Amino acid sequence: MAVTVGASRLGLGALRRLPAEARPLIRPGTVPTGVVHLGLGAFHRAHQAVFTEAAVGAAGGDWGIVAVAPRSTALVEALAAQDNLFSVSTLSAAGSTTQVVGALSGVRHAPSDPDAVVALIADPAVRVVTLTVTEKAYQLDPVTGQLSPDSALAADLAGGGPPRTVPGLLLRGLAARAAADAGPVAVVSCDNLPANGRRLRGMLDQAVGRAAGVPAGLVEWVAGNVTCPGTMVDRIVPASTPGTIEAARRALGVTDLAAVAAEPYAQWVIEDDFPGGRPGWEFAGAVLTDDAGPWERLKLRTLNGVHSAIAYLGALAGRETIADALEIPHLRDVLRRLIAEDVAASFTPPDGVRVVDYGEQALARFGNPAIHHRTLQVAIDGSQKLPQRVLHTIADLRATGRSARWGALVVASWLRFAQGYADDGRPLPLQDPLAGPIRAALDDGVQTPAGAVDAVFALREVIPAEVAEDDDVRADVIAWLTALQRHGVEATLAGAR
């Protein structure tokens, strides 16, 4: 991204020139490292980093974050040039505010220097390792939870070379930590995975158990010294654009090439299981609990599932953003029925929470016109997201004998999206780790909606058996897909009853 001519860069030297209300809550560079975060994306910067800075500002502690980029160097270089500072603009229909965040004590690029990341995980000063690496980086089968290593992870498990994957980095780092007797550590997933703490625990245990040449006693050390608290994270954070950078420049008077924008709402629910201590996140508004499961299901099914529904139906109807898609006639009514008739009946929410009310709040958030969250961005990696967002809802409903008709509409909209064309004939991209098998299933002589459903329902990596083998679910998906193919999104929604 081009820097505006004549604009100085954000950094320690620029802090005095910032508006007072935009300055960090803590003195940047003065808080020692206590957290390593794998994943340097926009969500981490607008969520965990913000919560952690507020926690340190309120309660103190040596909880600076070293954030690790697993792929691109551009963001690492931008942050290093800015003394690890970045800004978060909070956007609403009423206007925006921009705040510089000073929670990062350092940045690293894992592919360039994996040994440095391993050393950080092994550092006794680090007591918490957090992750936002998306579902596919865990390399777990979404249905079985079993480790399904690609060639890079297979090489990491075989040993001999520098680690190239997230499981490989954790495996090597924990082994080094055990060897150094560096003390216990919490490894915390902040990704939208079902039972993310248990999934992460399973990934670690499988990696340690399958790795070649691990030190004697590592399995026992990990079992006794590593916890994996479950979490639920929530904030809408669109991908940054040149417009994000320019808006931050206007607000701050300096250029921030790591700027992010987000909605006002933010929530973090955390199971309180940190053997080496943790930041005082409760002082920043986080919910500390013994069981994040009900909160996770509330968010995954009500917010994320509805988000996916809007993304697929909106993309098919040619709407660029989630807020635009919500203006499709009858879509809000259909989504309310999805929430009330399917989602709310599929699980027990946290005490004091009504699913329908939470759903109304979610719809209001999605309609924020200042958040330009692209439908195609939300639509990526559908094979990884649909199981926990929609298919688990369907399976739980059907186990009690209830219809899952509206959930079937979401599945049908994903299938229609995967067929590759919007209602006006424009091509749609299928960005998905299983794009090859999905395209092969749909291209293998499939001519009818029933054939498309049968072909994709045979992919057990995506569709669990209890859903795929349910004749009622299959019939509902076929009916919706037939309507979408023949009439398009708007007419299908207008006729939905």
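Here a first-year student and an author talk through a predicted model, asking what earns each residue or helix its label.

Reader: Let's start with Asn-304. Why is Asn-304 called buried or exposed, whichever it is?

Author: Asn-304 sits in helix H10. Its relative accessibility is 4%, and buried means under 20%, so Asn-304 counts as buried.

Reader: And what does Asn-304 touch?

Author: Leaving out residues up to four places away in sequence, Asn-304 touches Asn-192, Lys-299 and Arg-389.

Reader: What about Gly-29: buried or exposed, and how do you know?

Author: Exposed. The cut-off for that label is over 50%, and Gly-29 has a relative accessible area of 73%, so the label fits. You'll find Gly-29 in the segment before strand S1 (33-38). Although Gly-29 and Leu-104 are 75 residues apart in sequence, their C-alpha atoms are 8.0 Å apart in space.

Reader: Leu-104, okay. Which other residue is in contact with Leu-104?

Author: Asn-84 is one of them. Asn-84 lies in the loop between helix H3 (74-81) and strand S3 (86-92). Setting aside neighbours within four places in sequence, its contacts are Leu-79, Val-101, Leu-104, Ser-105, Gly-106 and Val-107. Asn-84 has 15% relative accessibility, so with a limit of under 20% for buried, it counts as buried.

Reader: How do you know which label Arg-172 gets?

Author: Set its 27% relative accessibility against the two cut-offs: buried is under 20% and exposed is over 50%, so Arg-172 falls in between and counts as partly exposed. Arg-172 is part of helix H6 (residues 166-180). Apart from neighbours within four places in sequence, Arg-172 is in contact with Val-118, Asp-156, Gly-161, Pro-162 and Pro-163.

Reader: What makes the phi of Gln-139 worth a mention?

Author: The phi of Gln-139 is near 55 degrees, a positive value in a residue other than glycine. Gln-139 is placed in the loop between strand S6 (128-131) and helix H5 (151-158). At 11% relative accessibility, against a limit of under 20%, Gln-139 counts as buried.

Reader: What is the phi of Ala-195, and where does Ala-195 sit?

Author: Phi of Ala-195 is near 50 degrees, again a positive value in a residue other than glycine. Ala-195 is in the loop between strand S7 (185-189) and helix H7 (196-210). With 18% relative accessibility and the limit at under 20%, Ala-195 counts as buried.

Reader: Now helix H20. How do you know how its span compares with that of a straight helix?

Author: Helix H20 runs over residues 471-494, which is 24 residues. A straight helix of that length would span 34 Å at 1.5 Å a residue, but H20 spans only 26 Å between its end C-alpha atoms. There is also a kink of about 120 degrees in H20, centred on Gly-488.

Reader: What makes Asp-470 a cap for H20?

Author: A side-chain oxygen of Asp-470 lies 2.9 Å from the backbone nitrogen of Asp-472. The limit for a polar contact is 3.5 Å, and Asp-470 caps the N-terminal end of H20.

Reader: Which residues of H20 are buried, and what covers them?

Author: Among the buried ones are Val-473, Val-477, Trp-480, Leu-484 and Gly-488. Their cover includes helix H10 (293-316), helix H12 (331-343) and helix H15 (382-399).

Reader: Why would nonpolar side chains be buried together?

Author: In soluble globular proteins, nonpolar side chains tend to be buried together. Here, the largest nonpolar core has 80 residues, and Ile-310, Leu-335, Phe-366 and Val-477 touch the most other members. H10 supplies the largest share of this core, 11 residues. Apart from it lies another core, of 39 residues, including Val-68 and Val-226.

Reader: What does Phe-366 touch?

Author: Not counting residues up to four places away in sequence, its contacts include Ile-236, Leu-303, Val-306, His-307 and Ile-310.

Reader: Last one: what does the UniProt record say about residues 34-282?

Author: An unreviewed UniProt entry carries the annotation "domain: Mannitol dehydrogenase N-terminal" for residues 34-282. In the model, that span is 37% helix and 22% strand, with its end C-alpha atoms 17 Å apart.

Technical notes:
Residues numbered from 1 in each chain as written. Predicted model: local features only at pLDDT ≥ 70, side-chain atom pairs only at ≥ 80, totals over all residues. Heavy atoms only, no water. Helix = DSSP H or I, 4+ residues; strand = E, 2+ residues; numbered from the N terminus. Expected span 1.5 Å × (residues − 1). Bend = angle between axes of the 7 residues up to and from the residue. Buried < 20%, exposed > 50% of the residue type's maximum accessible area, 1.4 Å probe, protein only. Contact = heavy atoms within 4.5 Å. Polar contact = N/O pair within 3.5 Å; in protein donor to acceptor, adjacent residues only side chain to side chain. UniProt positions renumbered as here; feature names shortened; annotations may be inferred. Core = buried A, V, L, I, M, F, W, Y, C linked by side-chain atoms within 4.5 Å.
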